[in-house]
Amino acid sequence: HRSSPAMSLASRLVNVRVATFAPSRSRTAARRGAVAPLRAAGATIVASSKTKIAILGGTGFVGSRVVELLRTAGHDVFSVSKSGGGSGGVAIDLLGPDSADALKNALTGCDAVVSCVGVIGSDDDANRLGNGDANVVAVNAASAAGVKRFVYVSVASIVSEVVGGAGVLTGYFDGKKTADVAVTESFGEKNSLIVKPSFIYGGDTFGITPPRVTKQYGDILVKVLGSRLVKSIAAKMPGPIKLTLAEPISVEDVAKACAAGALGLNVSDQCDGTDEIKACAAKMV
């Protein structure tokens, strides 16, 4: 019995994708009580010649590119991170005891906030804290500071359904869901954007935590998995194979989508998966 070309392709790729989401070790962290989200006053901004925007996690893989994009476009941008690195960067640990007040003060006067804050590892409590509680603190501080718009980098629904549904990285997906809810409840659909990528690639180095492949390797995957043939095959497949065949997204496109959301250029409150992220990214001319 000969397997079909589609199934052969899926079998070759499945090991790569499954390995991508294999958990790695991380430092154990104590679980903190969940922080209830505040509700922001309804407000919509239109991108002006100069908008003040804070990028949380602005020294990281995605965040640093959002900072660069918006700064190049002429906006007043600064980064918030543990290290406080970058030009005009502010050092705040979102899980620190004084983080709420410190972040509120830092965000006062901002038009928009983009959170690229997140962690991934084998410790469920650390994942819940780093993805959920940290971003709830960020949402509450932004709301209290009078920020008009909030953008958050979450995770694609297909990843949550397949990987989370299999009981893997439970804390990671719980944290992401907590943050998603906090953003929507506090800022509403008109004043928020949740960017939900499946697998982000870019740069010139491979990584395990978080999983990452280079731009050169990612571009090859896009040519294969982004083809009309593979997409049509993937649409008919069950969840695990559909995820294996899902087209990855470049870090540049994720950053552009975040920037578009910060400027109020997005047409919906979510861009879920590669096609929707690319459509949102295209708003950044």
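Buried means under 20% relative accessible area, exposed over 50%, and partly exposed in between, with a 1.4 Å probe and protein chains only. The model is predicted: local features need pLDDT of at least 70, side-chain atom pairs count only at pLDDT 80 or more, and totals for chains, interfaces and linings use all residues. Residues are numbered from 1 along each chain as its sequence is written, and side-chain values use heavy atoms, without hydrogens and water.

**Exercise 1. Work out which residues cover the two faces of β6.**

Step 1. Locate the strand: β6 spans 192-196. Strands are DSSP runs of E, at least two residues long; helices are runs of H or I, at least four; both are numbered from the N terminus.

Step 2. Split the faces. S192, I194 and K196 lie on one side, L193 and V195 on the other, and all are buried.

Step 3. Conclude. Five of the five residues of β6 are buried, so β6 is largely enclosed by the rest of the structure.

**Exercise 2. Place β6 in its sheet.**

Step 1. Read the order. The open sheet has seven strands, β3-β2-β1-β4-β5-β6-β9, with parallel pairing. Two strands pair if DSSP finds at least two bridges between them.

Step 2. Find the edges. β3 (90-91) and β9 (270-272) each pair on one side only.

Step 3. Check the neighbours of β6. β5 joins β6 over four parallel bridges, with V153 partnered by V195. Three bridges link β6 to β9, also parallel; here K196 stands opposite D272.

Step 4. Add the helices. α6 (170-187) lies across β5 and β6, at about 165° to β5. α11 (274-281) lies across β6 and β9, at about 135° to β9.

**Exercise 3. Determine which side of α8 is buried.**

Step 1. List the buried residues of α8 (228-235): V230, I233 and A234.

Step 2. Test the arc. These residues cover only 100° around the axis, which puts them on the same side of α8. The arc is taken from the directions from the helix axis to the C-beta atoms.

Step 3. Recall the geometry. An α-helix has 3.6 residues a turn, so residues three or four places apart point the same way.

Step 4. Turn to the other side. R228 and A235 are exposed there.

**Exercise 4. Find the element that gives the most to the lining of the second largest pocket.**

Step 1. List the elements that give two or more residues: α5 (157-162), α8 and α11.

Step 2. Pick the top contributor. α8 leads, with four residues.

Notes: Contact = heavy atoms within 4.5 Å. Axes fitted to C-alpha atoms, helices over the stretch in contact; angles between N-to-C directions.
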